[in-house]
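The following exercises concern the sheets, the helix packing and the ligand surroundings of one structure. Please work through each task before reading its solution.

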Amino acid sequence: MYVDNIRLINFRNYMNLKLKLHKKVNIFIGKNAQGKTNLLESIYVCSSGKSFRTNVDRDMINFKKNQSYIGAKVIGEHLDKTIEIKIDRNKPKRIKVNKLEIERNKELYGGLNVVVFSPEDLRIIKDGPSERRDFIDREISQIKPMYRYNLNKYNKILFQRNNLLKNMRMNEKNKHLVDIFNIQMAKIGSKIIIERAKFIEKISRSSKRIHKNVTRGEENLSLKYKTNVVDSFNDILYIENLFIKKLENNIKDDILKGTTKIGPHRDDIDIFINNVYSKTYASQGQQRTAILSIKLAEVDIIKEEKNDYPVLLLDDVLSELDKDRRKFLVHAFKDLQTIITSTDIIDIKEFDPLNKKIFHIDNGEIL
Ligand SMILES: Nc1ncnc2c1ncn2[C@@H]1O[C@H](COP(=O)(O)OP(=O)(O)OP(=O)(O)O)[C@@H](O)[C@H]1O
């Protein structure tokens with residue numbers, strides 16, 4: 001699929017932008033703080049209803065205005081969609097697909113699939129487990145909108161169970177309610193575990209192959225799913241039952257701490273390069289390349305699941321890669337729409353043979 005055109009009104013530093021994009025490679029060049037990331041952000045918002053840099057929608061409205069509009073026309077193998085998002089300082093966000101209002105971000109998922117690769121993605125390796133959970137949750141939600149719905153439901157139950165645990169430190173009379181929460185958590189939690197296990201297995205297999213090519217056979221990349229609920233992921237009933245048992249066994253400790261220890265909210269992914277833990281032992285360059293391989297694997301997975309390529313958004317990552325790796329990326333671009341930002345024209349030499357369009361960004365205007 002590809003984004004044919006974008007319209008932005010009062011979105012960050014874009015007051016009024018109408019932009020027709022190339023079907024394949026689009027390169028946006030501009031100095032720092034001109035609006036390159038803002039542009040990628042606007043496309044990302046059309047895919048998920050949310051930003052990748054803020055949880056507060058209002059941040060995206062131009063400082064001097066009260067409303068912001070993002071519109072995009074998306075063309076795919078079997079779709080032709082107009083996505084429109086209105087953000088207001090004082091009212092809930094409104095989203096329309098082909099002029100029809102939709103109620104939740106969930107319904108937007110799948111309309112436009114994107115894969116973003118930015119310098120901040122290094123956090124997937126460097127930071128704590130929640131960063132890695134957020135990453136897989138975002139990606140699985142694109143492929144399976146139901147996953148996001150289950151995840152939100154699970155988090156609500158977890159929140160209620162934790163509140164109950166805190167109250168029970170003073171008063172034990174609501175103990176029977178914990179059993180109800182245990183069953184609900186296990187039912188939805190086991191669905192989340194199965195989807196995560198499947199996704200990590202796929203991304204590990206695909207990124208291993210890509211990483212071998214990128215590093216000319218020198219590095220072996222692997223990802224391993226870690227959950228404190230189970231070790232095998234084939235049988236949902238088995239997972240559910242073991243989950244309930246572990247919640248019950250841990251109840252005393254949970255009441256003492258006022259929080260739930262067992263469950264997918266504590267999951268993590270181990271990322272290994274040449275069988276050693278990448279977070280601790282890999283160089284910055286190795287970590288960056290591992291993330292690149294994981295992101296390209298995501299492109300493959302979306303293509304496989306959705307029968308169409310996602311749009312690839314690359315935010316200022318070219319200067320961070322060496323020449324060989326940039327060449328590898330160029331090769332990966334030939335089949336999909338890619339939107340690249342860069343501060344420097346030198347970065348883009350490798351793109352010479354490509355079918356592309358180059359834009360210059362200057363203070364929220366495209367020249
Ligand atoms: N809500 C907003 N309203 C108006 N301007 C905003 C808003 N949010 C951010 N900006 C402006 O957008 C500019 C930053 O844009 P962006 O992050 O896209 O930069 P960039 O071109 O990617 O820069 P860099 O190369 O440094 O990453 C800054 O000048 C900032 O003040």
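**Exercise 1.** In what order do the 6 strands of the open sheet with mixed pairing follow one another?

*Solution.* The model is a predicted one. Step 1: the strand order of this open sheet is E8-E12-E13-E3-E14-E15. Step 2: at its edges lie strand E8 (114-117) and strand E15 (365-366), each of which pairs on one side only. Step 3: within the sheet, strand E12 (residues 311-315) and strand E13 (residues 338-342) are parallel and share 4 bridges. Step 4: in this pair, aspartate 315 is placed opposite threonine 341 of E13.

**Exercise 2.** Determine which strands H1 touches, and how helix H9 is placed on E8 and E12.

*Solution.* Step 1: H1 packs on the mixed sheet, where E3, E8, E12, E13 and strand E14 (356-362) are touched by the helix. Step 2: the directions of H1 and E12 enclose an angle of about 150°. Step 3: helix H9 (residues 284-306) lies across E8 and E12. Step 4: relative to E8, H9 runs at about 175°.

**Exercise 3.** Describe the open sheet in which the pairing is antiparallel.

*Solution.* Step 1: this sheet has 6 strands, in the order E2-E1-E4-E5-E6-E7. Step 2: strand E2 (14-20) and strand E7 (100-102) are the edge strands, each pairing on one side only. Step 3: from one strand to the next, the twist averages 20°. Step 4: strand E4 (residues 67-75) and strand E5 (residues 80-88) run antiparallel and are joined by 9 bridges. Step 5: opposite alanine 72 stands isoleucine 83 in E5.

**Exercise 4.** Characterise the residues that surround the ligand, and state which residues the UniProt "binding site" annotation covers.

*Solution.* Step 1: the ligand is surrounded by 16 residues, the closest being Asn13, Asn32, Lys36, Thr37 and Asn38. Step 2: by class, the shell contains 3 nonpolar, 9 polar and 4 charged residues. Step 3: according to the unreviewed UniProt entry, the "binding site" covers Gly30, Lys31, Asn32, Ala33, Gln34, Gly35, Lys36 and Thr37.

**Exercise 5.** Are lysine 31 and alanine 33 buried or exposed?

*Solution.* Step 1: lysine 31 is located in the loop between strand E3 (25-29) and helix H1 (36-48), and alanine 33 also belongs to the loop between E3 and H1. Step 2: a residue is classed as exposed if 12 or fewer other C-beta atoms lie within 10 Å of its own. Step 3: lysine 31 has 12 C-beta neighbours inside 10 Å and therefore counts as exposed. Step 4: alanine 33 is exposed because 10 other C-beta atoms lie within 10 Å.

Technical notes:
Residues are numbered from 1 along each chain as its sequence is written. This is a predicted model: local features need pLDDT of at least 70, side-chain atom pairs count only at pLDDT 80 or more; totals for chains, interfaces and linings use all residues. A residue is near a molecule or strand if its C-beta atom, placed from the backbone, lies within 6 Å of it. Ala, Val, Leu, Ile, Met, Phe, Trp, Tyr, Cys and Pro count as nonpolar, Asp, Glu, Lys and Arg as charged, and the others, Gly among them, as polar. UniProt positions are given in the numbering used here, feature names are shortened, and annotations may be inferred rather than shown by experiment. Helices (H or I, at least four residues) and strands (E, at least two) are DSSP runs, numbered from the N terminus. A residue is buried if 20 or more other C-beta atoms lie within 10 Å of its own, exposed if 12 or fewer, and partly exposed in between; C-beta atoms are placed from the backbone. Two strands pair if DSSP finds at least two bridges between them. Two residues are in contact if their C-beta atoms, placed from the backbone, lie within 7 Å. Axes are lines fitted to C-alpha atoms, for helices over the stretch in contact, and angles run from 0 to 180 degrees between N-to-C directions.
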